[in-house]
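Colleague: I am new to this one. Could you take me through it, one question at a time?

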Amino acid sequence: FGRNVHYYESLGSTQKEAHQLAYDGAPEGTLVVAEEQTSGRGRLGREWHSLSGKGIWMSLIVRPDLPPQQAPQFTLITAVAVARAIEEITGITPEIKWPNDVLINGKKVVGILTELQAESDKISSLIIGIGMNANHGPEDFPPNVAHTATSLFIEKGEKISRAALIQSFLKYFERYYSIYITEGFKPVRILWESYAISIGKRIKATTVTGVITGRAIGITDEGILKIEDDEGIIHNIYSADIQQT
Ligand code: BTN
């Protein structure tokens, strides 16, 4: 991981570029990094604000020999690796909000977008997009996210080395990925739960089919969130927006 790095001053989206490279046969571990994205994408078709020179905008190609159902676990592996890297570089312990947000003091510092290219019943590649607000000042966020976003610089009070953070992330990603392949998801799930904020709390999950309110019980070994509603019914949540209530 990180031996094959494609670096760009400016790109539409590292995610789009990585999809193309993966399609053209780029090996596992290929990383696409851009100083600036002119049309960065978030989850659920949202726009991702990717200011030049301040953040870490990157997409990683992973080619696990696994069925597509296991793709969501990679979002959680990535979140743990990001959290560990932030801890190592800044000394701050972030929190993880299922499935893909890394927060400090309740504000979003990293977003993760995992996308899949599959052939019949096998993953051919996963494109893991990571957007980290590294050296943004408070004035660098657009008004619509100013209250919910933060950066490592704002939280730490010091500029951070983006190169050191990327290196640390790759080291931990490689470590947890290999633990996952050899020992299964459980050790990663336990680490993930040690950073998670919503577990045990009352949450509201907005899914494509509706809203579920209840207590987040935990995640399964597949990386699925379990919520117990007020009637005691357990819901399996594959994808949703989570709010603490
Ligand atoms: C989210 O929280 O909605 C996920 C945000 C993912 C943003 C990253 S930045 C690098 C990569 N390229 C993109 O266009 N998006 C991802």
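Colleague: Which loop holds P99?

Modeller: This is a predicted model, where local features need pLDDT of at least 70, side-chain atom pairs count only at pLDDT 80 or more, and totals for chains, interfaces and linings use all residues. Residues are numbered from 1 along each chain as its sequence is written. Helices (H or I, at least four residues) and strands (E, at least two) are DSSP runs, numbered from the N terminus. On that numbering, P99 sits in the loop between strand 4 (95–97) and strand 5 (101–104).

Colleague: What is the omega of the peptide bond from W98 to P99?

Modeller: Most peptide bonds are trans. The bond from W98 to P99 is cis. Its omega is near -5°.

Colleague: How confident is the predictor, by mean pLDDT of the chain?

Modeller: pLDDT is the predictor's confidence in each residue, from 0 to 100. Here 100% of the residues reach 70 or more. For the complex, the predictor gives an ipTM of 0.99 and a pTM of 0.92. The mean pLDDT of the chain is 94.

Colleague: Is L44 buried or exposed?

Modeller: L44 belongs to the loop between strand 2 (31–37) and strand 3 (55–62). Its phi is positive, near 55°, in a residue other than glycine. Burial counts other C-beta atoms within 10 Å, placed from the backbone: 20 or more is buried, 12 or fewer exposed, and in between partly exposed. L44 has 11 such atoms, so it is exposed.

Colleague: And what is the phi of N105?

Modeller: N105 lies in the loop between strand 5 and strand 6. With 11 other C-beta atoms within 10 Å, N105 is exposed. It is not a glycine, yet its phi is positive, at about 50°.

Colleague: Which residues is R43 in contact with, leaving aside neighbours within four places in sequence?

Modeller: R43 is in the loop between strand 2 and strand 3. It is partly exposed because 18 other C-beta atoms lie within 10 Å. Contact means C-beta atoms, placed from the backbone, within 7 Å. By that test, R43 is in contact with N100 and L113.

Colleague: Which residues are closest to the ligand?

Modeller: A residue is near the ligand if its C-beta atom, placed from the backbone, lies within 6 Å of it. That gives 21 surrounding residues. Helix 1 (14–23), strand 3, strand 6 (107–119) and strand 7 (122–133) each give two or more of the shell. The closest residues are S13, G42, G111, G129 and G131.

Colleague: Which residues have the most contacts inside the largest nonpolar core?

Modeller: A nonpolar core is a set of buried Ala, Val, Leu, Ile, Met, Phe, Trp, Tyr and Cys residues joined through C-beta atoms within 7 Å. The largest has 62 residues. Helix 2 (residues 71–90) gives the most to this core, with 11 residues. Those with the most contacts inside the core are V80 and V82.

Colleague: Which element gives the most to the side of domain 1 that touches domain 2?

Modeller: The bounds, from an automatic or database domain assignment, give domain 1 (5–195) and domain 2 (202–244). Across them, 10 residues of domain 1 are in contact with eight residues of domain 2. Helix 2 and helix 5 (186–195) each give two or more residues to the domain 1 side. The most, four residues, come from helix 5.

Terms used. Two residues are in contact if their C-beta atoms, placed from the backbone, lie within 7 Å.
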